[in-house]
Amino acid sequence: MAKLRWGMIGGGEGSQIGPAHRLGAGLDGHFDFAAGALDHRPDAGRAYGQRLGLTPDRAYGNWQEMLAGEQARDDRVDLVTVATPNATHFEITKAFLQAGFHVLCEKPMTMTVDEGEEIVRLAADTGRICAVNYGYTGYSLVRHMRAMVARGDLGRIRLVKAEFAHGHHADAADADNPRVRWRYDPAQAGVSAQFADCGIHALHMASFVIGQQVERLSADTVSCIESRVLEDDAMLNLRFDGGAVGRLWTSSIALGNQHGLSLQVFGEKGGLRWAQEQPNQLYWMPLGGRVQVIERGEAHLSPEADRTSRVTIGHAEGMPLAFANIYADLAEAIRADKEGRAMDPAANLYPRAEDGLRSMAAVFAVAESGKAKGTWVDARPPMFR
Ligand code: NAI
């Protein structure tokens with residue numbers, strides 16, 4: 001099977017998320033790193049790209065150069081990852097989709113609901129893949145939770161509780177540091193800070209696992225550090241379209257929490273508990289039984305879990321390998337597209353532009369409800385009402 005060619009925009013030297021993408025894309029041998037515009041400083045981007053092994057003609061100075069350069073080649077990249085700061089995602093994703101490239105965009109996909117709807121329509125019109133990197137849904141045991149819910153192990157889902165609460169912006173003395181301040185400034189961050197940054201991961205994971213979409217929500221948003229305009233903590237109540245109730249807490253001032261993403265699902269016949277910081281164990285409590293620890297890599301879990309587990313049981317798999325599962329899904333989707341065949345259904349789980357759009361509608365709903373002291377609001381994008 002020929003390797004696919006992969007390119008990246010953003011993710012330059014010292015960036016937070018660039019290395020996880022490079023590890024993820026390269027891990028299973030599906031993609032060769034072939035092109036990049038890695039940094040907002042053209043020379044730094046070109047130099048770093050070449051150090052990572054790009055040929056000089058494909059280590060571009062900016063994304064516009066990359067778009068023109070790749071369009072002109074017969075061996076153009078098959079997939080472009082957009083890992084730049086949030087406000088640039090829409091413009092870059094739109095330009096590459098219009099030019100016929102498949103795109104994996106970092107979250108949040110856009111800054112407004114209208115932009116999100118435009119990307120969903122564009123992906124449908126062009127027939128190109130537009131995925132959004134809710135990379136934590138690539139974890140093998142997250143896929144397994146979804147499979148357990150789908151095959152009815154938990155019965156009807158009554159309640160889902162999601163958290164993404166860390167403590168990395170808890171230092172009031174550091175609140176004016178420009179690297180932190182922009183995140184809470186509406187002019188740069190938009191209508192929401194902590195929910196738009198982390199809460200959307202938790203909400204997307206809840207929807208992914210229970211197979212239901214949020215319809216309505218009520219939000220209590222606060223700036224615990226008072227100089228902040230946007231929220232650094234939010235508590236949400238949710239109602240999903242399949243009848244489940246949701247509770248979601250997100251925070252950036254939860255001192256002592258390191259990453260803080262976790263999910264609990266409670267059905268009529270059992271409950272599940274999983275946390276990102278111990279991703280190789282899933283706790284399962286069947287009604288009337290005892291708590292069982294499901295280990296990643298056990299035999300006979302589910303096709304979705306088996307497909308996304310590589311390392312022998314008892315050895316840890318972590319976040320770049322979850323990203324690798326998203327890349328493996330995308331490789332299968334791209335190959336199926338090239339070969340004109342249906343894709344493996346177990347791989348057809350990567351997050352899509354529709355998910356990016358739903359998140360953006362939820363971000364605006366949280367901002368609206370938070371301002372209105374927790375009034376319940378419609379959380380669906382107009383396109384899906
Ligand atoms: P960062 O600030 O650490 O790095 C951003 C990189 O993009 C830098 O190398 C910068 O030079 C480059 N860049 C900026 N503008 C550019 C442009 N116009 N063209 C080319 N390169 C450009 O940011 P970080 O934390 O890596 O975040 C990037 C994106 O990834 C954000 O949208 C963020 O929300 C998302 N993210 C997603 C995570 C996930 O779990 N899915 C986790 C962390 C971040």
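## Polar contacts of the ligand

A polar contact is a pair of N or O atoms within 3.5 Å. In this predicted model, Thr84 meets that criterion through its backbone, one N or O atom of which lies 3.3 Å from an oxygen atom of the ligand. Side chains take part as well: an N or O atom in the side chain of Asp39 is 3.1 Å from a ligand oxygen atom, and for the side chain of Tyr136 the corresponding distance to an oxygen atom of the ligand is 3.5 Å. On its own, the ligand has 860 Å² of accessible area, and the protein covers 83% of it.

## The shell around the ligand

There are 22 residues around the ligand, and those that come nearest are Gly12, Gln16, His40, Asn86 and His89. Sorted by class, this shell consists of eleven polar, eight nonpolar and three charged residues.

## Packing of helices α1 and α11

Helix α1 spans residues 18–26 and helix α11 spans residues 319–339; their axes come within 7 Å and cross at roughly 55°. Angles from 35 to 65 degrees fall outside the parallel and perpendicular classes, and α1 and α11 are therefore oblique to each other. The crossing of α1 past α11 is right-handed.

## Backbone features in two loops

Most peptide bonds are trans, and most residues other than glycine have a negative phi. Two sites in this model are described against that background.

The peptide bond that joins Lys107 and Pro108 is cis, with an omega of about -15°. Pro108 belongs to the loop between β4 (102–105) and α5 (113–126).

His300 is not a glycine, yet its phi is positive, at about 55°. The loop that holds His300 runs between β13 (292–295) and α10 (303–307).

Key. Residues are numbered from 1 along each chain as its sequence is written. This is a predicted model: local features need pLDDT of at least 70, side-chain atom pairs count only at pLDDT 80 or more; totals for chains, interfaces and linings use all residues. Side-chain values use heavy atoms; hydrogens and water are left out. A residue is near a molecule or strand if one of its heavy atoms lies within 4 Å of it. A polar contact is a pair of N or O atoms within 3.5 Å; within protein, one must be able to donate a hydrogen and the other to accept it, and residues adjacent in sequence count only if both atoms are side-chain atoms. Accessible areas come from the Shrake-Rupley method with a 1.4 Å probe; for residues, only the protein chains shown count as cover. Ala, Val, Leu, Ile, Met, Phe, Trp, Tyr, Cys and Pro count as nonpolar, Asp, Glu, Lys and Arg as charged, and the others, Gly among them, as polar. Axes are lines fitted to C-alpha atoms, for helices over the stretch in contact, and angles run from 0 to 180 degrees between N-to-C directions. Helices (H or I, at least four residues) and strands (E, at least two) are DSSP runs, numbered from the N terminus. Angles under 35 degrees count as roughly parallel, over 145 as roughly antiparallel, 65 to 115 as roughly perpendicular and the rest as oblique. A crossing is left-handed if the near helix is turned anticlockwise from the far one by less than a right angle, and right-handed if clockwise.
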